[in-house]
Amino acid sequence: MLSRIAESLFWIGRYTERADATARLLDVHVQTILEDPWAEEDLVCRTLLSVMNRDAPSADTMVGRRFVLDSLAFDRSTPSAIAGSITAARENARRAREVISTELWEAVNGTWNQLPAHMMPSRPHSFFTWVRERSALVSGIVDQSISRDDTWNFLVLGRSIERADMTARLLATRALAGTTGPDWPTLLRSCGAHEAYLRRFRGLGADETAAEFLLTDRLFPRSVVHALGQAQACLDALDPAVGKASIGGARRTLGHARTNLEYGALPDLIEYLPAQMLAVQRACSSASETIRQRYFPSGALTQWAGGVL
Amino acid sequence: MADLFDGYPAGAAWDEVFDRTGDVRPSYRHVYEALGELSEAELRGRAETLARTYLTQGVTFDIGGEERPFPIDVAPRVVTEAEWDSVAPGVAQRVRALEAFLADVYGPQRAIADGVVPRRLVTSSTHFHRAAQGIEPPNGVRVHVSGIDLIRDEMGQFRVLEDNVRVPSGVSYVLSNRKAMAQVFPELFASLRIRSVAEYPGRLLAALTAAAPDGVHEPTVVVLTPGVYNSAYFEHSLLARSMGVELVEGRDLVCSGGHVWMRTTNGRRRVDVIYRRVDDEFLDPVTFRSDSLLGSPGLMAAARRGTVTIANAVGNGVADDKLVYTYIPDLIRYYLGEEPLLASVDTWRLEEPAALEEVLDRLHELVVKPVDGSGGKGLVVGPAASASELADLRDRLRKDPRGWIAQPVVQLSTVPTLVEGGLRPRHVDLRPFAVNDGERVWVLPGGLTRVALPEGQLVVNSSQGGGSKDTWVLGSSRGAPVSSPLERPRTVAFGEGVPIDASPSDDRSEQQQQQQQQARHPHPTGEAGAPC
C-alpha cells in the first residue's frame, strides 16, 4: 500500500473518532453547565479548553459555553474542533478514495456535506447527537465493508489511538475540575459506559471505581486500556512481532502506557490522575509520530542540496 | 411579549404562575420570561422535538394496546425551596406513620386494641393479606418506595390526596422528563438552581440492598416485571438499567430449597431482594391467584422463611386503602406523637349512616372514589356526571358503603400548559416519591407533576389522558459533601496540555495550490495534475 494512502487511512480513523469523542465530551459539559446549578461555567469552560490544549482568554474575561462551542465544536479551520475534524476526515478520504469502499466514502462525504445544516449554536445537543450518529455510521461501515487487511488495520489503528487519547482527556477534565464539572455518572454516560459500568459494579460503585472503569476495564471498548490494546493488536497485524528479538517503536510506547495502567496500583493512578492522563496523551502523540516515521515518512521532503554530487 | 399567554383566563383554582391580580409570581418570573421570548411556532417545534425524543427512547405509555409517547408539556412546574421544605418533611412523616401502621397491622395490632382504628376497617380491606401476617422484614421496612399524591387547593395549600405504598409508578417519567427538558430547553435552565433528580436510582438500590436478608453479603437485587406488555415496562427496564441489576420476569425465577433463584446461562443464581412491580395477587400462585403466570410459586414461602426480601412488602395495600386514609392524621398522632405536617382532604366515611345520607343528597357536587382503586379507576366526579350515572352510583353506594369514600370537589391548582390555543391553565397534582432505607426516609426533590390535558378536567391519571410536566425544586444549598480524593478540585494547570495532533498533510496549503494550478493549466505535453 502506498504510504500516502496509509497515512490518509490512519487519519480518517483518528478524525472520525475525534469528532465523536469531542462531541461526547462537549455534550456532557454543556449539559452540566445548564443542569447543575452549582457548576461554575467559567471554571468548567476553562478546564475544557486547557484539556483540549486551547488558549483561554485572559483571566478577567468570563469564558462561557458559547466560546467553548465556537472554538471546540463549530470551528472548521482546525482539525481539533468537531467541524474541523469532519472536514479533515473528508479530505483524507478523498485522498484515499480508490482504496476505501464507496459506502465509506459516501458516509464520510455525506457527513461533511450535511455539516452546515446541523451547526446550530442554539441546539448544541442535537448537533452532538448527529455527530455521534454519523461517526457510528462511519465506523460501522469500516467494520462491515473493509477487508481485514492493512486498510482496516490503519483505520482502526488511528481510531484506537485517538480513542485512548480522548478518553484520557475526558478523565483529565474531571480530575482537574473536581466537583465543579460533571459528575462521574455523567462522564460514564457520555462514553456510553454507564450501563456497562453499572452492570460490572452492581450500581453501588464509588467514584474511584468509575475512574477505574474508564481507565482499566479490559472488556469495555472505550476504556483507555482496551483502546491501547486494540492499537497494539493493529500494529502487530501490520508488522508481526513474532520471531523478532525485540519490540520497538510505537509498540513499546503504547505497550508501556497500557501496562502501566493495567498492572499499576490503582490508588496511585487515582491519586496522580491528571499526570497519568498527560502521560497517556503523550504516549499517544509520540506513538502517532513514530508510526508516521515508520510507515509514511513522506513528510520529509527531499530537497535538492545542489552541486554536491 | 408573551403572546402565548394572551387571553389566559383567571379561574377559581389557584394558579401557580399568576396571582389573583394577574401578576407573575416571583418563582415563575424566569420561566415566564424565557417562554415569552419564544414564538409560538418555535415553542411548538420544541414540543415536537420533546415528543420525538420520547418515541426514540421508548418513553411510551400503553393505552389499550397502542404505544404513544408519554405526553410531556413544555412548561415546567416550579416549586420554591420554602414550599418544598414544608412538603418534604410532611411526606416523610406520612411514610413513617404508614410504616408503623403496617408493622402494627401485620404484627401486634395495638392500634386496634387501643381503639384508634376499628378492627373491621383492617379486616375488610381488599388488600389486607393474612398471608403476610408475621413476615418480619429484615430491616423493618415495608414501604421501600412510596408515592404520596398531593394537590394544591384554592388557597395554594398542599394537601394529601392519596397514598400509594403498593407499587407506585411514574418515577421514570421524572427522570426522563428532566433529561429531555435539559436537552430541548437549555435556556430555561440557565441561571436557575434546580435540584437534581439523578440520584434516585442510587438511593433506591441502597435501600433495596439495605433490606436484604440478614447475613447476606453483597446481595443480589432484581426487579420483577410482569413483562414487556405491561404499561409501565419502560419504567421497570429503566430502573433495572440504572441500578445495574437484572430485570426478571416470573418465569426467570424458581423457588427451591427455601430460596429464590434465577435461571442464568451459568446455572442458578440466588436472589436476595426482589423489587417487584407485580401486584400482590399475581405474585405467588400458591398463595394468591392460582392462575397467575406473572409470579413464581413458592415466593411467599421463601419470604416467610426470611431468605428473600420482597419490596414493597406484600399486603401494603391495607395502608393505602382510601378509607384508612381518613384515619392517617390520627395514626400519625398515635404512632409518632407528632401533629400531621400535611393537611388531608375532607372525606366522608360512607359507613357512618349520617355521612352516607348526606353524601347521597349532595352526590352531584362531590367526588366519589372506590377505596381500593388506583389510576383513577371507578372515580366519579359529581358535577361532571349525568343523572343516570348518579342514580346508578347511588345504588352502588347503598349496596357497598365500605367500598367507597366521598370528597368535596377540590379545584386542583393550575399551571400553563401548551394546548391548541396557546398556553392555558390546566389542573395538576404532584406525586413526590419517597425511598425508605430503614435509616431515614428520603424524598426525591420534585416528583411527578401530572396534568389533566382536557380543559377543566380534574382527573390527572395517565390512563385517563393525563400528561406530565418536569417539576423543578429550586435549591440554594449544595447537596453532597466533598469526600473522595477525586473530588478535591485541583488547580487547573493551564498550558500543560498535550497538543492535539493533526496530519501534516492536512496543512500543505502550498502543495494544494500547486495541484490546483496544475488542474487549471494543463501541462503542454498533455499530462494534467491531480484533479481537484
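**Close-up views of strand E6 and B:Gly258 in chain B**

**View 1. Bridge partner of B:Leu224.** In strand E11 of chain B, B:Arg276 is the bridge partner of B:Leu224. The model shown here and in the other views is predicted. Strand E11 covers residues 273-276 of chain B and pairs with E6(B) in the parallel sense, with four bridges between them.

**View 2. Pairing of E6(B) with E7(B) and the connection between them.** Strand E7 of chain B, residues 246-248, runs parallel to E6(B) and is joined to E6(B) by three bridges. Within this pairing, B:Glu246 of E7(B) stands opposite B:Val222. From E6(B) the chain passes through helix H9 of chain B, residues 233-243, to reach E7(B); the resulting β-α-β crossover is right-handed.

**View 3. The two faces of strand E6 of chain B.** Strand E6 spans residues 221-224, and both of its faces are covered. One side carries B:Val221 and B:Val223, the other B:Val222 and B:Leu224, and all four residues are buried.

**View 4. Surroundings of B:Gly258.** B:Gly258 lies in the loop of chain B that connects strand E8 (253-256) to strand E9 (259-264). Because 13 other C-beta atoms lie within 10 Å, B:Gly258 is classed as partly exposed, a class that falls between exposed, at 12 or fewer, and buried, at 20 or more.

**View 5. Contacts of B:Gly258 beyond its sequence neighbours.** When neighbours within four places in sequence are left aside, B:Gly258 is in contact with B:Ala302, B:Arg305 and B:Thr307. The C-alpha atoms of B:Gly258 and B:Ala302 are 5.2 Å apart, although 44 residues separate the two in sequence.

Methods
Residues are numbered from 1 along each chain as its sequence is written. Chains are lettered from A and ligands numbered from 1 in the order in which they are written. This is a predicted model: local features need pLDDT of at least 70, side-chain atom pairs count only at pLDDT 80 or more; totals for chains, interfaces and linings use all residues. Two residues are in contact if their C-beta atoms, placed from the backbone, lie within 7 Å. Two strands pair if DSSP finds at least two bridges between them. A crossover is right-handed if, with the strands pointing away from the viewer, the path from the first strand over the helix to the second runs clockwise.
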